[in-house]
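Here is a short tour for a first look. Keep the sequence and the model side by side as you read.

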Amino acid sequence: MMNRTIKSTIALVACSAMAFGALAACGSSSSDSSDKGKVYFLNFKPESADQWKEVAKEYTKKTGIPVKVQNAASGTYEQSLKSEISKGDEAPTLFQVNGPVGYASWKDYTADLKDTELYKQLQNKDIALKDGDKVVGVPYAMETYGLIYNKALLKKYTELKDAKVKSAEEINSFDKLKAVADDIQARKGELGVDGAFTSAGFDSSSDWRFKTHLANIPLYYEFKADKVTKQPAKIKGTFLDGYKKIFDLYITDSTTPATQLSSKTGEDANSEFSLGKAVFYQNGTWAWTDLQKAGMKAEDLGMLPIYIGAKGEEKQGLATGSENYWCINEKTSDANKKATKDFLKWVLTSDYGKEAMSKKMGFTTPFKSFADVKSDNPLTAAAVEDAQSGKTPVSWNFTMMPSDNWKNDLGSALLEYAQGTGKWDKVKSAFVDNWAKEVAQAHEDQD
């Protein structure tokens, strides 16, 4: 998730507010330099909360090192980190940023990871987040998203008389997707579903799917056409017509009337899909844990690219990348830094840690130590198959989105449009005009 830039004086303010005897809490202190330190991980992904707590418990049991895991509620990570990071020696020792834009907010808090096992284990060190010669963040999961589909339901549709396609493989463009979705919606009684797509909910547990992940698709095509490789000061919105087309499809061929989307949650969409009430569900490889908990089987699931009608999209693959980079808190004690580095080394190299990340959390990791690990996540399998198909993957450009404020304004405009209380022009303005405004504001804050 993108974050507004936060001035780097937080540490000084936090320290100055403390009594003289407690000043050392903002850095190494003589009182804790001889102990073994502790680990506090502020986790970004609520869907893996239980698994991380199990990992923490196991590591503490084996080593005696205290490991605390706190999970920020969906959509509140930046707010939680801002609150927790000011707690001196009680602040997170391990936190996350979502790429270069997120790093700008926290660069004074990121230790150099160059000599850590975390960095050394990367298969491709080019994917690390760097600031000059300093390694400031390491991605721990390469993830993929698209349109997850229920194989049995889609097969049932393809076997209907006059079905628009005879197999999922035929759906390779927006026109094909729309024809199928419209037909499913018209024949939902025959199929026993409530709609082609799950509800496009705009509760904070769900709206990121549209204001961030879906918004990435038109950005991808624009940046590709204009050869953009770093955050631009302005964008054109060249492919917003395609953004409108796919969003219209989501809210029209849906399980839920558009007037009810404001209160629909991510859990609602997960439930609708797992209960067989919808054929398509925009989400990613990380959704497997929740779908599995809801009773779905690996053989139930496939994943298609998200199409918006762009030229050449028949050769487009799934959206693959990472927005989650682990960072170690530079301002915690040396003992805590060492404890955190040792914890991460254990997570990446122990059988317990590797199984937890690959199987229980369903992550596809970029580390050498996982070369022999096979994931049982069917969505990961679909992502691997897509990567090997020769199609061009969609890159994750939402790491360049200027701020949470930009995304929230876009989400509000999308919801108003969906409910019929706002025009698409407001979505365009939120997308294009607010980009320039938020980038300029971020630069002012940094200055």
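Helices and strands here are DSSP runs, helices of at least four residues and strands of at least two, numbered from the N terminus. The model is predicted.

**A loop residue**

Start with Leu275. This residue lies in the loop between helix H11 (266–274) and S8. Is Leu275 buried or exposed? Its relative accessibility is 59%, so Leu275 counts as exposed, since the cut-off for exposed is over 50%. Leu275 is also 50 Å from Asp133, C-alpha to C-alpha. In sequence the two are 142 residues apart.

**Strands with two covered faces**

In a regular strand, side chains alternate between the two faces of the sheet. Now take strand S11, residues 325–328. Tyr325 and Cys327 are on one side, Trp326 and Ile328 on the other. All of these are buried, and both faces of S11 are covered.

Strand S9 (residues 301–304) can be read likewise. Leu301 and Met303 point one way, while Gly302 and Leu304 point the other way. All are buried.

The table lists the pairings of these strands.

| Pair | Bridges | Sense | Opposite residues |
|---|---|---|---|
| S3 (residues 94–97) and S11 | 4 bridges | antiparallel | Val97 and Tyr325 |
| S5 (residues 134–139) and S11 | 2 bridges | antiparallel | Val138 and Trp326 |
| S6 and S9 | 4 bridges | antiparallel | Tyr149 and Gly302 |

**Helix H7**

Helix H7 covers residues 174–186. Does its length come out shorter or longer than expected, or what does the check show? At 1.5 Å a residue, its 13 residues should span 18 Å. The end C-alpha atoms are 18 Å apart, so the two values agree.

H7 has these buried residues: Phe174, Leu177, Val180, Ala181, Asp183, Ile184 and Gln185. Several elements help to cover them. Among them are the strands S6 (143–150), S7 (195–197) and S8 (278–284). The helices H6 (151–158), H8 (188–191) and H10 (240–252) are also included.

**Two helices in contact**

Last come helix H2 (residues 49–63) and helix H14 (residues 351–360). Their axes come within 11 Å and cross at roughly 175°. Angles over 145 degrees count as roughly antiparallel, and H2 and H14 are therefore roughly antiparallel to each other.

Which residues make the contact? From H2 they are Gln51, Trp52, Glu54, Val55 and Glu58. From H14 they are Tyr352, Ala356, Met357 and Lys360. By type, the contact residues divide into 5 nonpolar, 1 polar and 3 charged.

Key
Residues numbered from 1 in each chain as written. Predicted model: local features only at pLDDT ≥ 70, side-chain atom pairs only at ≥ 80, totals over all residues. Heavy atoms only, no water. Axes fitted to C-alpha atoms, helices over the stretch in contact; angles between N-to-C directions. Parallel < 35°, antiparallel > 145°, perpendicular 65-115°, else oblique. Contact = heavy atoms within 4.5 Å. Nonpolar A, V, L, I, M, F, W, Y, C, P; charged D, E, K, R; others polar. Buried < 20%, exposed > 50% of the residue type's maximum accessible area, 1.4 Å probe, protein only. Pairing = 2+ DSSP bridges. Expected span 1.5 Å × (residues − 1).
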